[in-house]
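Biologist: I am new to this structure and would rather understand a single part well than survey everything. Please take one helix and its surroundings, and go through them slowly and in a connected way.

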Amino acid sequence: MEKSRIIIATAVLLLSMALVSGSLAAASRTAEGLAPASTFQDSNSPPESDGPWVVRAYYKDPQMIADVAARIEPWEVNREQGYIVLEVNREQYLWLQWLGFRVEVDEKLTAQLLQPRVTLPGQVSGIPGYPCYRTVEETYASA
């Protein structure tokens, strides 16, 4: 009896995953035919690139935060204005929309995320832009 419950639970889980995957694929195909959204506005489709982007995802129910946090770590949760800030790729963007979030790309934070890291003036070692952290090679050399 217990074995049949496990089989049924597994089948339900696999079916749910297939339905979500199919919905995301259909949303992706639909989104590819639409024009890119203007900067920092609510949009029906993600920008043309594959990301990553920094987005504000507006939620209606606090449980939505927990659902997303189980898969993507939020950068910020603004409960007063009802949004979370996340770094996402195209699939995650579409997934957020499927969950019922209103998604906006934050162009300023996305530009900061994508800018090349350069060494700071006077920095002779470490990770570019982060002199307080050592590189992997520097850590191994110390060890």
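## A close look at helix α3

Modeller: Aspartate 50 counts as exposed, since its relative accessibility is 55%, and this residue is a useful place to start, in what I should say at once is a predicted model. The side chain of aspartate 50 meets that of arginine 90 in a salt bridge, with 3.5 Å from N to O. This pair links distant parts of the chain, for arginine 90 belongs to helix α3 while aspartate 50 sits in the loop between α1 (2-32) and β1, 40 residues apart. The two partners have different surroundings, because arginine 90 is buried, with a relative accessible area of 13%, whereas aspartate 50, at 55%, lies over the 50% cut-off for an exposed residue.

The next residue of the helix has a partner as well: glutamate 91 forms a salt bridge with arginine 71, and their closest N and O atoms are 3.3 Å apart. Since arginine 71 lies in the loop between α2 and β2 (76-78) and glutamate 91 in helix α3, this pair ties together parts that are 20 residues apart in sequence. Here both partners are partly exposed, arginine 71 with a relative accessible area of 42% and glutamate 91 with one of 45%. Glutamate 91 also takes part in a contact at the start of α3, where its backbone nitrogen has a side-chain oxygen of asparagine 89 within 3.2 Å. At the other end, just after α3, glycine 100 takes a positive phi of about 105°.

Between these ends, the buried residues of α3 are Arg90, Gln92, Tyr93, Leu94, Trp95 and Leu96. In soluble globular proteins, nonpolar side chains tend to be buried together. In this model the largest nonpolar core has 17 residues, and Leu96 is among those with the most contacts inside it, along with Val55, Val68, Ile84, Leu86, Val88 and Phe101. Helix α3 (90-99) supplies at least two residues of this core, as do β1 (53-58), α2 (63-69), β3 (83-88) and β4 (102-105). Valine 88 shows how these pieces come together: neighbours within four places in sequence aside, it is in contact with Tyr93 and Leu96, and also with Pro52, Trp53, Val55 and Ile72.

Beyond the helix, β4 (102-105) follows in the chain pattern α-β-α-β-β-α-β-α-α. Arginine 102 and glutamate 104 form another salt bridge, with their closest N and O atoms 2.8 Å apart. Of these two, arginine 102 is partly exposed at 35% relative accessibility, while glutamate 104 counts as buried at 8%. The structure holds 4 salt bridges in total.

To place the helix in the whole, the chain contains 5 helices and 4 strands, and 28% of its 143 residues count as buried. Among the contacts with a separation of 6 or more, 61% are between residues 24 or more positions apart, and the salt bridge of arginine 90 with aspartate 50, spanning 40 residues, gives a close view of how distant parts of the chain are linked.

Notes
Residues numbered from 1 in each chain as written. Predicted model: local features only at pLDDT ≥ 70, side-chain atom pairs only at ≥ 80, totals over all residues. Heavy atoms only, no water. Core = buried A, V, L, I, M, F, W, Y, C linked by side-chain atoms within 4.5 Å. Buried < 20%, exposed > 50% of the residue type's maximum accessible area, 1.4 Å probe, protein only. Contact = heavy atoms within 4.5 Å. Polar contact = N/O pair within 3.5 Å; in protein donor to acceptor, adjacent residues only side chain to side chain.
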